[in-house]
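Trainee: Please take a close look at a single part of this structure, and then set that part in the context of the whole.

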Amino acid sequence: MQERDQSFGIQMLSVQPDTKPKGCAGCNRKIKDRYLLKALDKYWHEDCLKCACCDCRLGEVGSTLYTKANLILCRRDYLRLFGVTGNCAACSKLIPAFEMVMRAKDNVYHLDCFACQLCNQRFCVGDKFFLKNNMILCQTDYEEGLMKEGFAPQVR
Ligand SMILES: [Zn+2]
Ligand SMILES: [Zn+2]
Ligand SMILES: [Zn+2]
Ligand SMILES: [Zn+2]
């Protein structure tokens, strides 16, 4: 069975406790505060409902939290970790946001896909690469292409 994808935020509610104190899902202690947070069908101290990544108090950040793989996250970290960067311009598969990507103009690439699309040469930091007709090219292939075009009739 597939886990329900909770890529949308989960609403947090600030509620006043009724007579019977609730146990906090974060620290397991009773909540005696004036207000408590209700989220994911559980009750939390305002201090205990924190982002697993940046430790920010989610009650202050906004009224939504995000969860995935048993982590409770703020929107920013959720998107950073589980959002999608886009489609790789070379293999056109999705790139999850937590993966390192290469960027060229508006295109994103898997690290593995970022190579000259003619000779497959990989680029190192500082190497020059060129983008032509949405293809990544190494300097050699790019210049070769220019040479060929130089002999083609100019279209205006
Ligand atoms: Zn607590
Ligand atoms: Zn966070
Ligand atoms: Zn790719
Ligand atoms: Zn090349």
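**A metal site and its setting**

Mentor: Cys-48 has a relative accessible area of 25% and is therefore partly exposed; buried means under 20%, exposed over 50% and partly exposed in between, with a 1.4 Å probe and protein chains only. The model is a predicted one, in which local features need pLDDT of at least 70, side-chain atom pairs count only at pLDDT 80 or more, and totals for chains, interfaces and linings use all residues, while side-chain values use heavy atoms and leave out hydrogens and water. Residues are numbered from 1 along each chain as its sequence is written, and chains are lettered from A and ligands numbered from 1 in the order in which they are written.

Cys-48 belongs to the site that I propose to examine. Its SG atom coordinates the zinc ion (ligand 1), together with Cys-24 (SG), Cys-27 (SG) and His-45 (ND1), at 2.0 to 2.3 Å. Donors here are N, O and S atoms within 2.8 Å of the metal (3.2 Å for Na, K and Ca), and sites may look incomplete because water is not among the atoms. Along the chain, the donors of the zinc ion (ligand 1) are spaced as C-x2-C-x17-H-x2-C. The arrangement around the zinc ion (ligand 1) is tetrahedral because its four donor atoms subtend angles of 101 to 113°; four donors count as tetrahedral if all angles lie between 85 and 135 degrees. His-45, with a relative accessible area of 11%, is buried, whereas Cys-48, as noted, is partly exposed.

The strands along this stretch of the chain come next. Strand 2 (residues 13-15) and strand 3 (residues 36-39) run antiparallel and are joined by three bridges. Strands are DSSP runs (E, at least two residues), numbered from the N terminus, as are helices (H or I, at least four residues), and two strands pair if DSSP finds at least two bridges between them. Leu-13 has Lys-38 opposite it in strand 3. Strand 3 also pairs with strand 4 (residues 42-44), in the antiparallel sense and over three bridges. Across that pairing, Lys-42 in strand 4 faces Ala-39 as its opposite residue. Strand 3 and strand 4 make a hairpin with two residues between them, and in its turn Leu-40 has a positive phi of about 55°.

The loop between strand 2 and strand 3 contains Lys-22. With a relative accessibility of 18%, Lys-22 counts as buried. Beyond its neighbours within four places in sequence, Lys-22 is in contact with Arg-29, Lys-30, Ile-31 and Tyr-43, contact meaning heavy atoms within 4.5 Å.

A further zinc site invites a parallel description. The zinc ion (ligand 3) has as its ligating atoms the SG of Cys-88, Cys-91 and Cys-113 and the ND1 of His-110, at 2.0 to 2.4 Å. Its site is tetrahedral, with angles of 104 to 114° among the four donor atoms, and its donors follow the spacing C-x2-C-x18-H-x2-C. His-110 counts as buried because its relative accessibility is 12%, while Cys-113, at 21%, counts as partly exposed. Strand 10 (residues 107-110) pairs with strand 9 (residues 101-104) in the antiparallel sense over four bridges. Asn-107 in strand 10 is the bridge partner of Ala-104. Two residues lie between strand 9 and strand 10 in their hairpin, where Lys-105 takes a positive phi near 55°.

An open sheet is formed by three strands in the order 1-5-6, with antiparallel pairing. Its edge strands, each pairing on one side only, are strand 1 (10-11) and strand 6 (71-73). Strand 5 (residues 64-68) is joined to strand 6 by three bridges, and Tyr-66 has Leu-73 as its bridge partner in strand 6.

Two further cysteines deserve a word. Cys-51 counts as buried at 1% relative accessibility, and Cys-74 counts as buried at 4%. The structure holds zero disulfides, a disulfide being a pair of cysteine sulfur atoms within 2.5 Å.

Finally, the whole chain. There are three helices and twelve strands, and 28% of the 156 residues are buried. Of the contacts between residues at least 6 apart in sequence, 23% join residues at least 24 apart. The chain exposes about 11,100 Å², of which carbon and sulfur atoms supply 51%; accessible areas come from the Shrake-Rupley method with a 1.4 Å probe, and for residues only the protein chains shown count as cover.

How values were computed: Tetrahedral: all angles 85-135°; square planar, octahedral: opposite > 155°, others 65-115°.
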